[in-house]
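New notebook page. I want to get my bearings here, so I'll jot down what I look up as I go.

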Amino acid sequence: MKQLVLTAFHKVETVEAPIPQPGPGEAVIQIRYAGICGSDLHVFAGLHPTAKPPLVMGHEACGTLYAINAPRTDLKVGDLVCCHTVKPCGACEYCSTGRENLCREVKIMGTNFDGVFTQYILVDANRVIPFRPGVDPKVAALVEPLTVGVHDLRRSGLRAGETVFISGAGPIGLIIGTMCRFAGASQVVLSELDPVRIQMAENFGFSVVNPTQEDFADACRELSGGDGFDKAFEIAAVQSSFDICVQQLRRGGTLIQVGMPPAGKVFGLDINKIIYSECCLLGVRHHTMSDMQTAAKLINSGVLNSQLERLVSAVYPLEQSMEALHRAETDKHMLRVLIDFSDAN
Ligand SMILES: [Zn+2]
Ligand SMILES: [Zn+2]
């Protein structure tokens, strides 16, 4: 089988490796499509604090169950499946109280250990989640970013009828917006500077505001119903975007910090706004197995699949992986670039 190995920063090579065999409690997935995430590009460019070559990157994928060595009655060889990408210790207080994403020993696929940019991957059989027959594998490959949306929505505590402001209309902003609308938000407004991304967000049916436009404050006031938004999701991970999110919160509102500034970067905060308006500031980190099970159920039900399909901007064969990574890195209008691992020869 072929593996895409990061052999030096900014360089991947296709390497031959034996197909793994599952030991007790393990399974092997034959990868179909894998998506290139912003965090893969961080690793690729040497900007990740710990991930170093040689490494198989990637944590967004679906594939076919190739072999399993565990008593899972809900799975059979040949099923379209995904695998949860967070490996917690399973024994600590966080793991045993449903917050495995906060485990101190947690390891993340594609950064702390080899990921999905490979034709076959050995995984923990307990972390495999099946899709129903007939699901489009390109949509199934988006289960991990959808899982981010599930986790962040759950953390936000959004209730039906509430208004939502999202700063940053990239793939995660669009997914969170889609999830909020699905969960009954009465208004979802995306804030974005880039004209092409503004157009893409409008094509998703969102109201879009541009903070550099003169009428920005008026537009936000009108769209929020006058008093600010119940929830603000910060995705862009820059101070100006964070400040706008704080400003746009209504009294009693919640800011959910999704974007991750570079390590060591500290944001300033108008603490009086938080105090006087009794606002909440919430962090979100990775996600849990249960979040991914929810995301897979959503994909199986098909309710969001037409929106998810539009996130796939390009698909490259394995032989053109360098081009795929370069495109994802340089063209910010790519929402998701997928690599097709299924037909490599
Ligand atoms: Zn990702
Ligand atoms: Zn743990």
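I call a residue buried if 20 or more other C-beta atoms lie within 10 Å of its own, exposed if 12 or fewer, and partly exposed in between, with C-beta atoms placed from the backbone. This is a predicted model, where local features need pLDDT of at least 70, side-chain atom pairs count only at pLDDT 80 or more, and totals for chains, interfaces and linings use all residues. Residues are numbered from 1 along each chain as its sequence is written, and chains are lettered from A and ligands numbered from 1 in the order in which they are written.

Helix H4. I looked up residues 171-182, which make up H4 (helices, H or I, at least four residues, and strands, E, at least two, are DSSP runs numbered from the N terminus). Ten of its twelve residues are buried, so H4 is largely enclosed by the rest of the structure. Among the buried ones I noted Pro171, Leu174 and Met179. After H4 comes Gly184, with a positive phi near 100°.

The core. I then checked the largest nonpolar core (buried Ala, Val, Leu, Ile, Met, Phe, Trp, Tyr and Cys residues joined through C-beta atoms within 7 Å). It has 98 residues, and Ile29, Ala34, Val81 and Val143 have the most contacts inside it. Strand S3 (residues 26-36) gives the largest share, seven residues.

Tyr94. I found this residue in the loop between strands S6 (86-87) and S7 (107-108). Tyr94 has 17 C-beta neighbours inside 10 Å, so it counts as partly exposed. From Tyr94 to Tyr316 I read 39 Å, C-alpha to C-alpha, with their places 222 residues apart in sequence.

Methods:
Expected span 1.5 Å × (residues − 1).
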